[in-house]
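Here is a briefing on a metal site and on the open and enclosed spaces of one structure. Read it with the 3D view at hand.

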Amino acid sequence: MPGADAHDPLLEVRGVAVRFGGVTALRDLSFDVRPGEICGLIGPNGAGKTTLFNCITRIYEPAEGSIRFAGRDLLAVPAHRIAGLGIARTFQNLALFGSMTVLDNVLTGAAAQPGTGIVPGLLAWPGATRRTAALRARAWELVEQLELLDVALLPAAGLPFGTRKRVELARALMAEPSLLLLDEPAGGLTHAEVDELGGLLVALRDRFGFAALLVEHHMGLVMGISDRVVAMDFGRRIAAGSPDEVRRDPAVVAAYLGRAA
Amino acid sequence: MTAVADRPTTTPAPRGRPVAPGRVLVRGSAAHRGLQVAGLLLVVALLVWASTWPLFRMGQLTNVFVLAIAIAGLNLVTGYTGLLSIGHSAFFGLGAYTTGVLVVQYGFDAMLTVPVAIGFCFVAGLLVGLPSLRIHGLYLALVTLAVGVAFPELVRRFDDLTGGAAGLVIRARLLTPPEWTGISRAQRGIWLFWVSAIALVLVLLLVRNLTRSRAGLAMRAVRDHELAAAAQGVHVARVKILTFGLSAAITGLAGALFAMYVGALAPDGSFTLLKSIELVTGLVLGGAATLLGPVVGAVAVVFLPYLTSLVAPGPVSGIAFGVLLIALVFLMPEGVVGRAQIALRRVVTVVDADHPALARTARDPGGPPEPDGQQPGPPPSTDEDQPR
Ligand SMILES: Nc1ncnc2c1ncn2[C@@H]1O[C@H](COP(=O)(O)OP(=O)(O)OP(=O)(O)O)[C@@H](O)[C@H]1O
Ligand SMILES: [Mg+2]
């Protein structure tokens with residue numbers, strides 16, 4: 001298994017707490033993600049999974065705790081620097097650049113790479129233009145790989161839901177992440193699409209070697225492709241371990257039986 | 001098309017698959033270059049022809065060019081980056097007064113004041129852009145509106161420099177064209193016509209470069225989804241502030257040229273909120289986030305009032321103009337150029353040469369991709385520029 005021989009965790013979440021007024025979205029949450037592994041993150045609605053993603057990408061500020069990535073204190077890094085460190089994400093409710101073409105959406109995934117200066121842009125400096133050309137070549141590769149070629153020159157806004165999800169995935173891959181945060185990638189997909197997605201994620205992981213933190217309600221998918229699973233409820237970690245261990249964990253069973261129908 | 005691929009390696013698309021509906025024009029190809037050169041020659045020919053018109057007509061065109069530059073500046077911040085500014089009259093005014101004051105009070109050569117005006121307006125734009133880091137949408141528009149309201153007051157306040165409410169007259173002697181042009185002082189309209197035409201072409205070239213660069217991509221990403229832009233690594237604050245500065249600098253350049261064009265500045269003349277509204281109107285009519293929208297918009301705001309006053313004389317003309325504006329915005333929310341691009345794309349799509357289907361066809365002697373118009377889906381993006 002990739003990552004089995006890596007000792008240092010890639011992502012270390014330690015004692016993280018987030019409060020919104022009276023609501024405590026996360027409390028004393030701790031877990032690790034190792035390099036190259038797919039780590040499932042499950043929990044009923046409102047468990048705090050998206051909130052955790054927003055802490056890692058520096059949209060929310062935890063009240064307590066620390067988040068370290070590759071040994072670096074993430075909470076000291078501004079939001080726009082996160083991508084450059086090698087963390088890319090997809091959004092639960094899709095956050096594409098609607099008026100931009102699919103290709104441009106994917107290309108924007110490399111915004112952290114150098115060469116976005118305004119002056120080089122204004123003057124079309126050859127250096128900047130060359131770098132853009134190289135990045136475009138990579139963007140085209142990802143577009144082809146995720147079967148987006150037919151829609152590459154259309155604006156993202158009007159595309160079918162499943163297609164837009166693949167655009168987001170391609171955009172995230174464009175950043176060459178070492179950690180990919182996936183917030184319900186199977187949400188809204190058909191049954192067949194979900195199966196294909198599982199195979200695709202594993203294949204992409206094997207090819208690019210990233211670690212993935214996979215938030216998903218689709219149990220078949222998480223349990224099928226995760227190396228490890230962390231379960232949450234009410235902002236707390238209630239279980240962690242192999243998919244089989246977590247599936248049988250009494251606390252997890254209770255959390256799901258107790259709430260979700 | 002919604003199926004998710006599970007093939008990890010590159011899948012070659014079926015051969016001959018269409019790149020786009022309709023005909024395809026490859027950017028940088030001989031045909032594309034040819035069209036660009038033809039377009040450029042046409043523009044030069046039109047300008048040369050226009051320079052034989054009576055001075056009054058040329059003056060009108062100069063006014064259009066100056067306004068087009070100002071709107072092109074606004075387009076960067078409002079069109080491409082999505083930050084509505086109703087304060088650009090202040091940058092227009094700052095540019096104009098920089099030129100006016102430096103020429104009249106300090107004896108500068110008029111042309112040498114232009115870079116100074118650009119520099120001042122750039123810095124002013126950075127400052128006005130600061131609030132955009134914290135506040136959004138209409139609230140930001142309100143802040144820029146306050147800047148627009150404040151500018152004429154400032155001019156009145158510093159009246160020993162600006163001449164205050166009485167105005168500032170730049171005497172024709174100070175605006176004499178350089179000797180090498182051989183243009184007499186009385187004919188200085190010709191000189192300004194060419195200066196503004198060349199300035200406009202240069203501004204459009206720079207804007208075109210910028211909007212096609214990755215910096216331009218970042219601007220549009222900020223406009224479409226600020227949070228997602230930051231998650232991709234776009235430095236949202238830097239993009240907003242620098243765009244504001246650049247936008248103000250370009251509108252300030254227009255102001256400097258305007259000062260030479262009118263030769264007399266007054267705070268209540270062309271630097272009130274009405275000017276801002278004129279710029280926004282021109283941008284919307286011509287087409288926000290399009291390269292040539294500002295030019296069409298400038299033509300519209302200069303000439304439409306003439307047209308409506310011909311059709312409906314007297315006070316009715318203002319009403320006719322208003323009705324026409326509303327009708328145009330209803331019929332073409334994307335603006336004239338935006339609409340034209342959508343229509344044009346049904347006929348021909350400009351595709352970059354790095355499109356994989358093209359690269360494959362180039363390797364494969366199967367001929368160019370066949371248009372077959374079977375592509376479903378929404379109208380193409382209004383954001384990409386067509387060749388000129
Ligand atoms: N910006 C916010 N302001 C106030 N409360 C919030 C905010 N974001 C999240 N919450 C609350 O925090 C809790 C956790 O929400 P979160 O979106 O993280 O859950 P989730 O596990 O992602 O759920 P789902 O599976 O439905 O996506 C919820 O009670 C939610 O209402
Ligand atoms: Mg969620």
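**Second largest pocket**

Helix 1 of chain B is the top contributor to the lining of the second largest pocket, giving 10 residues. The model is predicted.

- The second largest pocket holds about 690 Å³ of space.
- Besides helix 1, the elements that give two or more residues to its lining are helix 2 (55-80), helix 7 and helix 12 (293-311), likewise of chain B.
- The lining counts 25 residues, and Val43(B), Leu46(B), Leu47(B), Phe65(B) and Val295(B) are those nearest the centre.
- By class, 22 residues of this lining are nonpolar, 2 are polar and 1 is charged.

**Largest pocket**

- The largest pocket has a volume of about 920 Å³.
- Chain A gives two or more residues to its lining from each of helix 3, helix 4 (118-123) and helix 5 (126-145).
- Chain B does so from helix 1 (30-50), helix 7 (188-212), helix 8 and strand 4 (348-351).
- Helix 5 of chain A leads here, with 5 residues in the lining.
- Of the 36 lining residues, Thr129(A), Arg136(A), Arg27(B), Arg212(B) and Asp352(B) sit nearest the centre.
- The lining divides into 12 nonpolar, 11 polar and 13 charged residues.

**Largest cavity**

- The count of cavities of 30 Å³ or more is 3.
- The largest cavity has a volume of about 110 Å³.
- It is lined by 13 residues; nearest its centre are Lys165(A), Arg166(A), Leu169(A), Pro185(A) and Leu197(A).
- Helix 6 (161-174) and strand 7 (179-183) of chain A each put at least two residues into this lining.
- Helix 6 of chain A has the largest share, 4 residues.
- The lining is made up of 7 nonpolar, 1 polar and 5 charged residues.
- Where does the largest cavity lie relative to domain 1 and domain 2 of chain A? Both domain 1 (8-86 + 177-194 + 210-260) and domain 2 (97-176) contribute lining residues, so the largest cavity lies between them.

**Second largest cavity**

- The second largest cavity encloses about 40 Å³ of space.
- Its lining draws on chain A through Leu107(A), Thr108(A), Ala111(A) and Thr116(A), and on chain B through Arg214(B), Leu217(B), Ala218(B) and Val234(B).
- Helix 3 of chain A and helix 8 (214-224) of chain B each supply at least two of these residues.
- Helix 8 of chain B gives the most, with 3 residues.
- This lining has 5 nonpolar, 2 polar and 1 charged residues.

**Magnesium site**

- Which residues coordinate the magnesium ion (ligand 2)? Thr50(A) does so through OG1 and Gln92(A) through OE1, at 1.9 to 2.1 Å.
- The two residues are 42 residues apart and link distant parts of chain A.
- Thr50(A) belongs to helix 1 (residues 49-56) of chain A, while Gln92(A) is in the loop between strand 6 (87-89) and helix 3 (102-108).
- Thr50(A) has a relative accessible area of 25%, which means that Thr50(A) is partly exposed.
- Gln92(A) is also partly exposed, with a relative accessible area of 29%.

Definitions and conventions: Residues are numbered from 1 along each chain as its sequence is written. Chains are lettered from A and ligands numbered from 1 in the order in which they are written. This is a predicted model: local features need pLDDT of at least 70, side-chain atom pairs count only at pLDDT 80 or more; totals for chains, interfaces and linings use all residues. Side-chain values use heavy atoms; hydrogens and water are left out. Donors are N, O and S atoms within 2.8 Å of the metal (3.2 Å for Na, K and Ca); water is not among the atoms, so sites may look incomplete. Buried means under 20% relative accessible area, exposed over 50%, partly exposed in between (1.4 Å probe, protein chains only). On a 1 Å grid over the protein atoms alone, a cavity is a set of points where a 1.4 Å probe fits but cannot get out, and a pocket is an open set with protein on both sides within 12 Å along at least five of seven lines; lining residues have an atom within 4 Å of a point. Grid points are joined across faces, edges and corners, and a volume is the space filled by probe spheres set on the points. Ala, Val, Leu, Ile, Met, Phe, Trp, Tyr, Cys and Pro count as nonpolar, Asp, Glu, Lys and Arg as charged, and the others, Gly among them, as polar. Domain bounds come from an automatic or database domain assignment.
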